[in-house]
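Reader: I should like to examine one part of this model closely. Please begin with a single pairing and then work outwards from it.

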Amino acid sequence: MVTGYSQNGEGVRAIECFREMHRGEVGPNQFTFPSVLKACSEVLARGFGIQVHGCIVRSGFACNVFVDSALVDMYAKCGDFYNAKKVFHSMEELDVVSWTSLITGYAHYGSHEEALVLYCDMRVYGFNPDQFIIACVFSACAELTVLGFGQQVQGYFVRSGLKSSLSVNNSLVTLYAKCGCLEDASQVFDLMEVRDVVSWTALIVGHAQNGKGEVSLQLYDHMIRSNIEPDFVTFVGLLFACSHTGLVEDGRGYFKLMSEVYGIAPGPQHYACMIDLLGRSGNIGEAKELLNQMTTKPDATVWKSILAACRMHRDLELGEIAARNLFELEPRNSMPYVMLSNIYSAAGKWDDVARLRSMMKSSGISKEPGYSWMEINNEIHTFTVEDRSHPRMLEIYCKVDEMMMLIKKAGYVPDRKFSLQDMDEGGKELGLTYHSEKLAVAYGLLIVSSGVPIRIFKNLRVCGDCHNAIKMISRVFQRHIILRDTNCFHHLREGVCSCRDYW
Ligand SMILES: [Zn+2]
Ligand SMILES: [Zn+2]
């Protein structure tokens, strides 16, 4: 009975049934325990799962491999990794099922690094991963944007001769798209025999984030022609594409389409994209209307779009409202203070600028320091502004000087406005010269062989001066530089950027 209910996804009934059985004369056995544990993980009944665990120990089934791996699975699915690992390490005989439970559990709860570490442990122990684990590892790599490691796992997967699955392919497309490798993403996509909405959406979002909004819209048409229905995420991708390509009409169209034709109620992300699109294109009035139309409470992403639009259009009144909401929603974030202070200073309201600054000081909020990083041969190299900690610091600084000299000859003028701006700390021009992204580019020029793109990540928005300088560097040094900041990917090549200087 317990097994029957559990297998049919009726977790609550299975648990009730087990309770009744426990009260009666019949003792559970090695088959009942895994079933009831499966039921617990389905309805996330960790409390009852712990009771069952106690019962298992008392009735002497604790060393049964099926029972133990069911316990690991139950704890991992409920997010209790302390107990999951405790049982896991006590197992006399590890099996691939338990590894899968732990790795997928970690990935599901957003602990991507732990998932990858466990994957490596598993390989050291001599276990071969299955498709579930591979899909999970690709997803974790995508979240962490560790391309090199993902490619190694892909290499292993191809050699292993395991048959690919839809979820393996989907997570691989997502990995490549999230790392800015659109060609590789498309290649995997093209070879797929079966595609679902996740596969299409991964590619749509990927193109949108890499400055190829038009391609996103074409992909969408293609997807519809292939009789696949879009979902919530597809529309986030489409609206993001429209907002970053300045396609106001298309954006309005998709926003209507999603609720009217597909019955998908717009969420905060959709509103945020639309407000962003309208704000950027000078339709601040319509953006305000949209804000008032929202049936759910606007979240931080929505207020950030509003604040950005207000900064662009110098709308003091609404800007203050947006900032105040953000102070409450994200009390540790310095961004709304900086943005509002920009609005005040543009309006010449210096008293308010000073007031804001002291407010920031008294609440102990400081600007998040900017840093850039690169993944080279499975190693992460991190740079902060005027960083002198890298072992090859001397060469890097020489390269920066060479870089700056050459681009100045080619017409680059440092934009001192950014030395005091919100994106990065640092002094005047000297500070600009040694911004973290410039140090990273210099290291890339030194270490990455020509013909291979230089990939850099930045934890904040790239500053305008670095953006300008890197564009010039891409032309002078004939390099393809890919910079991902908090907002999107910048593909810098031949002196132009895929974001069209709009980010
Ligand atoms: Zn900079
Ligand atoms: Zn750019």
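In strand 6, which residue is the bridge partner of R493? Please then describe the sheet and the metal sites that belong to this part of the chain.

Author: The model is a predicted one. In strand 6, the residue that pairs with R493 is V496. This bridge belongs to the contact between strand 5 and strand 6, which pair in the antiparallel sense over two bridges. A hairpin with two residues between the strands connects them, and within that hairpin E494 adopts a positive phi near 50°.

Strand 5 covers residues 489-493. Four of the five residues of strand 5 are buried, so that the strand is mostly covered; buried here stands for a relative accessible area under 20%. On the side of strand 4, strand 5 takes part in four bridges, and these two strands run antiparallel. One position in this pairing is I482, which stands opposite H491 in strand 5. The connection between strand 4 and strand 5 is again a hairpin, here through four residues.

The wider sheet can now be placed around these strands. It is an open sheet of six strands in the order 2-1-3-4-5-6, and its pairing is mixed. Its edges are formed by strand 2 (379-384) and strand 6 (496-497), each of which pairs on one side only. In general, the strands of a sheet pair through backbone hydrogen bonds, in either a parallel or an antiparallel manner.

From the edge at strand 2, the sheet can be followed inwards. Strand 1 and strand 2 are antiparallel and are joined by six bridges; in this pairing I376 stands opposite E379 in strand 2. Strand 1 (residues 371-376) is also joined to strand 3 by two bridges, again in the antiparallel sense, and S372 there faces K458 of strand 3 as its opposite residue. Strand 3 (residues 454-458) is mostly covered, with four of its five residues buried.

The parallel contribution comes from the next contact. Strand 3 and strand 4 (residues 481-484) run parallel and are joined by four bridges, and F457 has R484 in strand 4 as its bridge partner. Between these two strands the chain passes through helix 26, and the resulting β-α-β crossover is right-handed.

Helix 26 leads directly to the metal sites. The zinc ion (ligand 2) is coordinated by H467 (NE2), H490 (ND1), C497 (SG) and C499 (SG), at 2.0 to 2.2 Å. The site is tetrahedral, with angles of 106 to 116° among its four donor atoms. For comparison, the ideal angle for four tetrahedral donors at a metal is 109.5 degrees. Along the chain, the donors of this ion follow the spacing H-x22-H-x6-C-x1-C. Two of them, H467 in helix 26 and H490 in strand 5, link distant parts of the chain, 23 residues apart. Both of these histidines, H467 and H490, are buried.

The other ion, the zinc ion (ligand 1), has as its protein donors H435 (ND1), C463 (SG) and C466 (SG), which lie 1.9 to 2.2 Å from it. The sequence spacing of these donor residues is H-x27-C-x2-C. H435 lies in the loop between helix 24 (429-433) and helix 25 (436-447), whereas C466 lies in helix 26 (residues 464-476); the two are 31 residues apart and link distant parts of the chain. H435 is counted as buried because its relative accessibility is 1%. C466 likewise counts as buried, because its relative accessibility is 0%.

As for the setting within the whole chain, the division is into domain 1 (1-92), domain 2 (267-366) and domain 3 (371-497). The centres of domain 1 and domain 2, taken over C-alpha atoms, are separated by 50 Å. An unreviewed UniProt entry lists residues 95-129 and 196-230 as "repeat: PPR". Residues 95-129 are 74% helix and 0% strand, with end C-alpha atoms 11 Å apart; for residues 196-230 the content is 74% helix and 0% strand, and the end C-alpha atoms are 10 Å apart.

Notes: Residues are numbered from 1 along each chain as its sequence is written. Chains are lettered from A and ligands numbered from 1 in the order in which they are written. This is a predicted model: local features need pLDDT of at least 70, side-chain atom pairs count only at pLDDT 80 or more; totals for chains, interfaces and linings use all residues. Side-chain values use heavy atoms; hydrogens and water are left out. Domain bounds come from an automatic or database domain assignment. UniProt positions are given in the numbering used here, feature names are shortened, and annotations may be inferred rather than shown by experiment. Donors are N, O and S atoms within 2.8 Å of the metal (3.2 Å for Na, K and Ca); water is not among the atoms, so sites may look incomplete. Buried means under 20% relative accessible area, exposed over 50%, partly exposed in between (1.4 Å probe, protein chains only). Four donors count as tetrahedral if all angles lie between 85 and 135 degrees; four count as square planar and six as octahedral if opposite donors are over 155 degrees apart and all others between 65 and 115; anything else is irregular. Two strands pair if DSSP finds at least two bridges between them. A crossover is right-handed if, with the strands pointing away from the viewer, the path from the first strand over the helix to the second runs clockwise.
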